[in-house]
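Biologist: I have the file open and would like to go through it with you piece by piece. Please keep the cut-offs explicit as we go.

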Amino acid sequence: MEKLGLNQIREEYLKFFESKGHLRMKSFSLVPNNDPSLLLINAGMAPLKKFFTGEEEPPRHRVTTCQKCIRTPDIENVGKTARHGTFFEMLGNFSFGFYYKNEATAWAWEFVTEVMKMPVDKLWVTIYEDDDEAFEIWTKKVGVAPDRIVRMGKEDNFWEIGQGPCGPCSEIYFDRGEEHGCGKPDCKVGCDCDRYVEFWNLVFTQFDKDENGVYNRLAKPNIDTGMGLERIAAIMQGVKTLFEVDTVRRVLDEVCKISGKEYGKDNNTDISIRVVTDHIRSTTFMISDGVLPSNEGRGYVLRRLLRRAARHGRLLGIEGKFLNELCDVVIEESKSAYNELETKRDFIKSVIKSEEEKFNETLEQGLVILNQLVEKMDKGSVFSGENAFKLYDTYGFPLDLTVEILSEQGIEVDKDGFAVLMNEQREKARAGRGDDDSLGWDENIYSKLDKDLKTEFVGYETLNTEGTIKAIVAENEIVNETTSEECVIVTDKTSFYGESGGQVGDKGVMFIGDEKVAEVVNTKKTNDGKFLHFVKIEKGTFKVGDKVELQVYKNLRSATERNHSTTHLLQKALRNTLGTHVEQAGSYVTPERLRFDFTHIAAMTPDEIAKVEAEVNAAIMESLPVEIKECSYDEAVKMGAMALFGEKYGDVVRVVKMGDYSTELCGGTHLKNTANAGLFKIVSESGVAAGVRRIEGVTGLNVLNLIAEKDKIINAAASELKANAQNLPLKAAQAVEDNKSLQKEIDKLKAQMATGTLDELLKEAETVNGVTVLAAAVENMDMDTLRATGDKLKDRPEDTFALLISAKDGKINIIAVADKEVTKKGIHCGNIIREVAKLLGGGGGGKPESAQAGGKDASKIDEAVALAKELAKSALN
């Protein structure tokens with residue numbers, strides 16, 4: 001049996017099934033496409049479910065894949081044993097009603113015995129206990145000895161999940177030898193020990209289980225097979241666990257190199273090494289597929305894995321950031337099969353680096369507080385849900401991290417108590433947001449319209465068309481006629497674009513004969529192809545069956561097209577400037593402006609913004625022809641068309657090509673030539689979520705309007721400074737210098753005032769655990785004076801924490817300061833000031849050593865001072 005590398009095994013498998021007429025499909029993203037039942041893809045067949053159920057037509061009726069997968073139910077066990085991992089690759093060959101048991105079994109046996117050259121005397125096959133058909137095929141057609149086949153029960157060899165498609169399965173096992181066994185006399189296939197390893201599962205989906213529990217035979221049975229790539233690699237390489245497989249071992253060796261530790265010498269050290277090795281593989285692949293750290297859903301899974309890896313890095317003695325460099329090894333080992341790892345390398349590294357930096361701040365402070373809380377506990381007691389929630393809510397310390405750290409000390413956490421407090425917080429947040437029905441119309445009413453009713457869209461070719469009214473919705477009811485001022489009209493044909501793909505719906509007018517009878521204020525499109533015209537009736541009655549002339553406002557459509565076509569140019573320029581990790585994360589184009597969200601971890605620099613803007617304008621000035629073509633999805637991909645991540649495309653797609661510069665899949669309306677956009681100007685660049693940036697911009701006449709607005713501002717500023725536009729910068733610089741000189745004088749006076757009040761303030765201070773604790777209200781100080789006073793207190797040789805509150809000009813100013821030694825004892829100025837500000841009806845925050853906030857309710861200042869003292873004492877005790 002030849003010792004093959006993991007990457008070689010993957011290629012051999014896919015090549016083998018290609019030779020058997022299978023279409024080799026690229027691994028699907030780890031993010032499920034239109035499948036809300038899954039957080040992350042966790043099995044080879046998961047992305048193919050709709051092909052199995054018949055909801056969608058597969059590209060071919062026999063396919064093969066190597067699917068990247070994430071499974072996270074047992075994250076806590078990863079590392080504790082060498083069996084568990086969160087990331088793995090699943091090899092699979094699938095038939096959608098094309099071939100069945102004969103082919104599936106024969107090809108599986110051919111691959112393992114002739115391609116992998118596994119010794120036949122090491123192989124075993126299991127079948128479902130009642131599957132005589134499989135037994136006949138394995139023994140008489142494939143040629144497996146009957147004594148090498150084991151019948152097993154429903155729990156082991158029958159696949160089903162509730163109602164629906166299901167069937168028996170057959171598994172192939174490898175015997176690793178007696179030395180790996182448990183030594184029991186009855187040790188055999190199916191034993192929990194490490195001797196017999198199941199590595200390939202062939203599922204024969206031949207039944208459809210109904211609501212009565214009856215198994216009805218399918219007219220066209222399916223084949224779904226799955227073989228863990230890491231598992232077969234471990235067998236072929238003669239190693240015990242997935243962590244010793246070549247590509248994974250190289251990651252593990254790098255962890256050892258960075259930490260200076262040796263694998264296999266100490267159990268606790270080995271646990272941490274395995275945690276880091278597994279989690280960096282998972283997180284690298286997740287980020288490459290567009291998952292970004294957050295506090296919800298798959299983003300939270302990513303954050304949890306990254307933070308768990310970072311913590312175990314600390315347990316190995318690794319100081320500072322290291323995961324953002326370790327991911328390079330993962331990329332190098334896997335980029336031959338997953339080229340997106342290489343193209344997104346910089347982005348992956350920057351996301352990991354950013355999350356590591358955030359977590360290092362959280363971890364240091366959280367561990368101090370956690371240890372203080374543990375010290376106060378009675379022996380054998382449970383860590384309260386209230387304390388766990390406080391760590392999460394106030395210090396950003398995740399519950400799972402609290403649970404893991406305390407479990408190492410044999411301490412249990414009240415998770416139920418935490419959940420109660422978490423739900424209370426969510427309810428408060430939900431109540432604060434209130435109900436927001438931003439649509440303003442009941443979508444359910446449209447599901448009651450005739451299912452066969454479809455609207456033919458002719459708006460790509462013309463702005464004017466005649467249509468027949470097929471349905472009317474007025475006052476939330478389906479009616480045959482209406483005189484209501486506002487209603488929704490569905491026609492059999494329309495030139496109005498229905499809002500979709502980030503492009504707003506068209507506006508325009510409706511005529512009956514030569515008379516204008518209604519204004520179309522918006523157009524939307526339902527999932528089943530109906531175009532909804534939201535109209536304001538100006539005169540007359542609308543009836544089902546009426547012929548209407550539909551006319552789109554040309555100026556608004558043209559302005560929208562300028563912005564839409566420019567977003568395509570913008571995406572290309574961003575990828576050229578920032579890197580190919582940039583992908584569209586959302587867009588919105590109106591006649592007035594464009595908004596484009598994209599994946600990028602850091603704020604763009606002024607130079608980058610200027611470069612992107614210049615490149616877009618260059619593409620506009622080149623007068624590139626905009627060509628639109630309809631073709632198959634595969635043909636579009638071959639043309640280099642960029643697809644929108646997570647978007648579902650049909651058999652025929654629309655390709656929008658702008659010269660040789662940009663090629664994208666898009667269903668929106670566009671210009672005929674890029675020159676028609678006129679000009680492009682970026683108005684703003686900002687962050688909208690972790691790892692997602694947003695650019696807003698304008699085109700055409702709106703650029704001129706923007707210039708006019710800026711001219712007004714410049715002229716107004718020049719007038720105030722008694723300057724003209726040419727010498728405005730010089731006059732502004734002089735004004736700033738004058739202001740600085742005056743400010744220095746003011747600062748001197750404030751410092752003198754602060755020094756004069758220190759002795760008085762310190763008379764109110766208390767000493768707690770060797771720290772001077774001062775919380776006081778002072779009169780008539782603005783924020784600058786308060787800060788100056790706080791700095792003086794912080795500079796004292798004694799360990800000091802101070803929180804000062806002052807009301808001035810209708811505002812309440814609050815500052816808190818502490819020296820570094822004091823923060824090590826548990827003080828966090830940002831957390832304390834946040835609670836004090838809440839009491840005063842305001843808000844704020846900051847770092848452990850300094851923070852500031854504002855308030856509104858001056859009647860509670862004395863109460864706030866008392867609260868500050870109480871919080872400081874609690875932290876120090």
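Biologist: Tyr196, buried or exposed?
Modeller: Tyr196 counts as buried, at 11% relative accessibility, where buried means under 20% relative accessible area, exposed over 50% and partly exposed in between, with a 1.4 Å probe and protein chains only. Keep in mind that this is a predicted model, in which local features need pLDDT of at least 70 and side-chain atom pairs count only at pLDDT 80 or more, while totals for chains, interfaces and linings use all residues. Residues are numbered from 1 along each chain as its sequence is written, and side-chain values use heavy atoms, with hydrogens and water left out.

Biologist: And which ring does Tyr196 pair with?
Modeller: The partner is Trp124, with the ring centres 6.3 Å apart and the planes at 90°, so the pair is edge-to-face. For the cut-offs, rings of Phe, Tyr and Trp (its six-membered ring) pair if their centres lie within 6.5 Å, and planes under 30 degrees apart count as stacked, over 60 as edge-to-face and the rest as tilted. Trp124 is buried too, with a relative accessible area of 16%.

Biologist: Where do the two sit in the chain?
Modeller: Trp124 is in strand β4 (residues 123-128) and Tyr196 in strand β8 (residues 196-209), so that the pair links distant parts of the chain, 72 residues apart. Helices (H or I, at least four residues) and strands (E, at least two) are DSSP runs, numbered from the N terminus.

Biologist: How many aromatic pairs does the structure hold?
Modeller: There are 28 aromatic pairs in the structure. In addition, Tyr13, Phe16, Phe17, Tyr99, Trp107, Phe111 and Trp200 form one aromatic cluster.

Biologist: Some of those look like helix residues; how do α1 and α3 cross?
Modeller: The axes of helix α1 (residues 6-18) and helix α3 (residues 101-115) come within 11 Å and cross at roughly 135°; axes are lines fitted to C-alpha atoms, for helices over the stretch in contact, and angles run from 0 to 180 degrees between N-to-C directions. The two helices are therefore oblique to each other, given that angles under 35 degrees count as roughly parallel, over 145 as roughly antiparallel, 65 to 115 as roughly perpendicular and the rest as oblique.

Biologist: Which residues make that contact?
Modeller: From α1 they are Glu12, Tyr13, Phe16 and Phe17, and from α3 Trp107, Glu110, Phe111 and Val115, where contact means heavy atoms within 4.5 Å. They divide into six nonpolar, no polar and two charged residues, with Ala, Val, Leu, Ile, Met, Phe, Trp, Tyr, Cys and Pro counted as nonpolar, Asp, Glu, Lys and Arg as charged, and the others, Gly among them, as polar.

Biologist: What about α3 and α4, at what angle do they pack?
Modeller: Helix α4 (residues 132-142) packs with α3 at an angle of about 50°, and their axes are 10 Å apart. These two are therefore oblique to each other as well. Lys101, Asn102, Thr105, Ala106 and Trp109 in α3 meet Glu133, Ala134, Ile137, Trp138, Lys141 and Val142 in α4, a set that divides into six nonpolar, two polar and three charged residues.

Biologist: Changing topic: what does Arg308 touch?
Modeller: Arg308, placed in helix α9 (residues 297-315), touches Ile75, Glu76, Val78, Val275, His279 and Glu404, not counting residues up to four places away in sequence. Arg308 is buried, with a relative accessible area of 5%.

Biologist: And Leu624, where is it found?
Modeller: Leu624 is found in the loop between α17 (606-621) and β23 (626-632), and it is buried, with a relative accessible area of 11%. With the same exclusion of residues up to four places away, Leu624 touches Ala619, Met658, Gly659, Tyr661, Asn673 and Thr674.

Biologist: What is odd about the phi of Lys722?
Modeller: Its phi is positive, about 55°, although Lys722 is not a glycine. Most residues other than glycine have a negative phi. Lys722 lies in the loop between α19 (701-720) and α20 (728-762) and counts as exposed, at 70% relative accessibility. Lys117, in the loop between α3 and β4, also has a positive phi of about 55°.

Biologist: Last one: how many helices and strands are there?
Modeller: The secondary structure comes to 24 helices and 33 strands. Buried residues make up 49% of the 877 residues in the protein.
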